[in-house]
Amino acid sequence: MTVSEAPGAVVLELAGIDKRFGALHANAHIDLSLREGEVLALLGENGAGKTTLMNILFGHYVADGGEVRVAGAQGLEPLPGGSPAAALAAGIGMVHQHFTLAENLSGFENIVLGTEPVLRLWRRAAQARERVEQTMAESGLAVDLDAPVERLSVGEKQRVEILKALYRRVRVLVLDEPTAVLTPQEAEGLFAVLRRLTSRGLAVIFISHKLNEVLAISGRIAVLRAGRKVGEVAAREADRRLLAELMVGREVPAGTRAEQASGAPVLQLSSVDAGTDTSRALREATLAVHAGEIVGVAGVSGNGQAALAALVAGLEAPAAGEMRLFGEPVRRHSPRAFVARAIARIPEDRHRDGIVGSMSVAENLVIEDVRHRDYQRAGFLRFGAVRRRAEAAIRDYDVRCPGPDAPARLLSGGNMQKLILARVLARGPRLILANQPSRGLDVGAQADVHRRLLAARAAGAAVLLISEDLDELLQLSDRVLVMHRGRVTDAGPTAQLDRARVGLLMAGHGDAAPG
């Protein structure tokens, strides 16, 4: 079921929005409108201008040209630029791609923060909590309200962001990748909530890289490319191929997993316990990953994936059980030792753990290269060698950046991921930990990541793929494991699975019948 294209009156209009950052034309005279009860999907590659446009709408940026108008008492009225408070007062809520939470406060405090003066809120805490719990029940977005946000997983933080917006009873809701951490059943539950809310007049701007979701929930789809709006189409008239071509400007071939025999075990866990946080620890985990295969790990964020990733990266040692690499028990657990053994890591959080933002692109490419003699002599960097390595990687992996000497923090999310892939895959690793490798990436960047992982598999590498995107897991994996409350269930070969069965296992229904 999709929402009709034009249910009600126009509640939001962006007219001729223009924004430059130096030579970069981030938004080029973009027109966009939104109606009551409508779900408008906004698509585009990383760096296409979606985030800039939404930041102008929400008052984080001031447009160089054009105007934002919101429905008011006198019809459509101009919205003051550069004022998030004005946007909130006009009934615009936004769930940002990168979280805007107070890490030292609880989930409940973050949700209600700023809705009322502190003293009044303190007196009405019981009423506020009741309303938050009601919002949680209606949306199906469960979270520990009393835990400090700094202790929450990435997925739980995103749920707090969604609840924070819904709590404010907004008229226009902007959702940026809202289902990235939900099971299929939870995502459909969220869609059911959105349908109920839009039937009462809520207008939604839905930003997602999951084209199936876009087609399922939206009534109308607008596509940006290189800062310009290049297309607008009714969802009922669109398909994945059309949307992908509009986004990228060319046909995007999907990665194909060819059948091949797997080799010897590369990674083996036997009844392993790991992790200090009991709610997210790994419990009695037994699994194996062989050379030449991709083993996918499905699960709602916060169910032990972080502990598993830390173990495979050498950041933690098992508290119980045995871990084997290449058939031998692991005696030394450290990232340096694991890198030296040709184990590569694509981390979950590329901004925090994948790059050093203040260092250059070239420096980030060699930062963990164990062949340090190639890049230094007598303790001094060989800048010529480092630059040549960077120029080759930028060319081979299509890293779009100002140059090797540019700070890595200037790269878009997709190009940061390409930089990380260039760093870890060029060494020909024997085991690859790919933790959420395509989260937040556009269809073109996703296809490139998938192609690289499949090529590594074909070359004989073992790949442990941790992902909350079931489409990605079912497309790339030879076998799928499911994690729930720290325990690992072998769901079986991908050919025997469907989304519904994996979703049930993710929700803790270990007796789910095979699909």
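**Helix faces, helix packing and backbone angles**

Colleague: Which residues of α14 are buried in this predicted model, and on which side of the helix do they lie?

Modeller: In this predicted model, Ala385, Val386, Arg389, Ala390, Ala393 and Ile394 of α14 are buried. Around the axis they cover an arc of only 165°, which means that they lie on the same side of α14.

Colleague: Which residues are exposed on the other side of α14?

Modeller: In an α-helix, residues three or four places apart point the same way, because there are 3.6 residues a turn. With the buried residues of α14 on the same side of the helix, the other side carries two exposed residues, Arg388 and Arg395.

Colleague: How far apart are the end C-alpha atoms of α14, residues 383–396?

Modeller: Helix α14 has 14 residues, and at 1.5 Å a residue its expected span is 20 Å. The expected span agrees with the separation of its end C-alpha atoms, which is 20 Å.

Colleague: Which residue with a positive phi follows α14?

Modeller: Most residues other than glycine have a negative phi. After α14 comes a residue with a positive phi, near 50°. This residue is Asp398.

Colleague: Which residues of α15 meet α16, and is α15 roughly parallel or roughly antiparallel to α16?

Modeller: Gln417, Lys418, Leu421 and Leu425 of α15 meet Asp448, Val449 and Arg452 of α16. By class, this contact has three nonpolar, one polar and three charged residues. The axes of α15 (residues 413–425) and α16 (residues 443–458) come within 11 Å and cross at roughly 10°. An angle under 35 degrees counts as roughly parallel, which makes the arrangement of α15 and α16 roughly parallel.

Colleague: Which residues does Asn415 contact beyond its neighbours within four places in sequence?

Modeller: Asn415 is placed in helix α15. Its relative accessible area is 9%, so it counts as buried. Leaving aside neighbours within four places in sequence, its contacts are Asp398, Val399 and Arg400.

Colleague: How many of the eight residues of α1 (residues 50–57) are buried?

Modeller: The buried residues of α1 are Lys50, Thr52, Leu53, Met54, Asn55, Ile56 and Leu57. Helix α1 is therefore largely enclosed by the rest of the structure, the buried count among its eight residues being seven.

Colleague: Which residue just after α1 takes a positive phi?

Modeller: A negative phi is found in most residues other than glycine. Just after α1, a phi of about 90° is taken by Gly59.

Colleague: Where is Ser360 placed, and which residues does it contact beyond its neighbours within four places in sequence?

Modeller: Ser360 lies in the loop between α12 (350–354) and α13 (361–366). Its relative accessibility is 10%, so Ser360 counts as buried. Leaving aside neighbours within four places in sequence, it is in contact with Pro404, Asp405, Ala406, Pro407 and Ala408.

Colleague: Is Ser271 buried or partly exposed?

Modeller: Ser271 is found in strand β11 (residues 265–274), and its phi is positive, near 50°. Its relative accessibility is 44%, so Ser271 counts as partly exposed.

Colleague: What is the relative accessible area of Glu284?

Modeller: Glu284 is placed in strand β12 (residues 282–290). Its phi is near 50°, a positive value in a residue other than glycine. Glu284 is exposed, and its relative accessible area is 53%.

Note on methods: Residues are numbered from 1 along each chain as its sequence is written. This is a predicted model: local features need pLDDT of at least 70, side-chain atom pairs count only at pLDDT 80 or more; totals for chains, interfaces and linings use all residues. Side-chain values use heavy atoms; hydrogens and water are left out. The expected span of a helix is 1.5 Å times one less than its number of residues. Buried means under 20% relative accessible area, exposed over 50%, partly exposed in between (1.4 Å probe, protein chains only). The arc is that of the directions from the helix axis to the C-beta atoms. Axes are lines fitted to C-alpha atoms, for helices over the stretch in contact, and angles run from 0 to 180 degrees between N-to-C directions. Angles under 35 degrees count as roughly parallel, over 145 as roughly antiparallel, 65 to 115 as roughly perpendicular and the rest as oblique. Contact means heavy atoms within 4.5 Å. Ala, Val, Leu, Ile, Met, Phe, Trp, Tyr, Cys and Pro count as nonpolar, Asp, Glu, Lys and Arg as charged, and the others, Gly among them, as polar.
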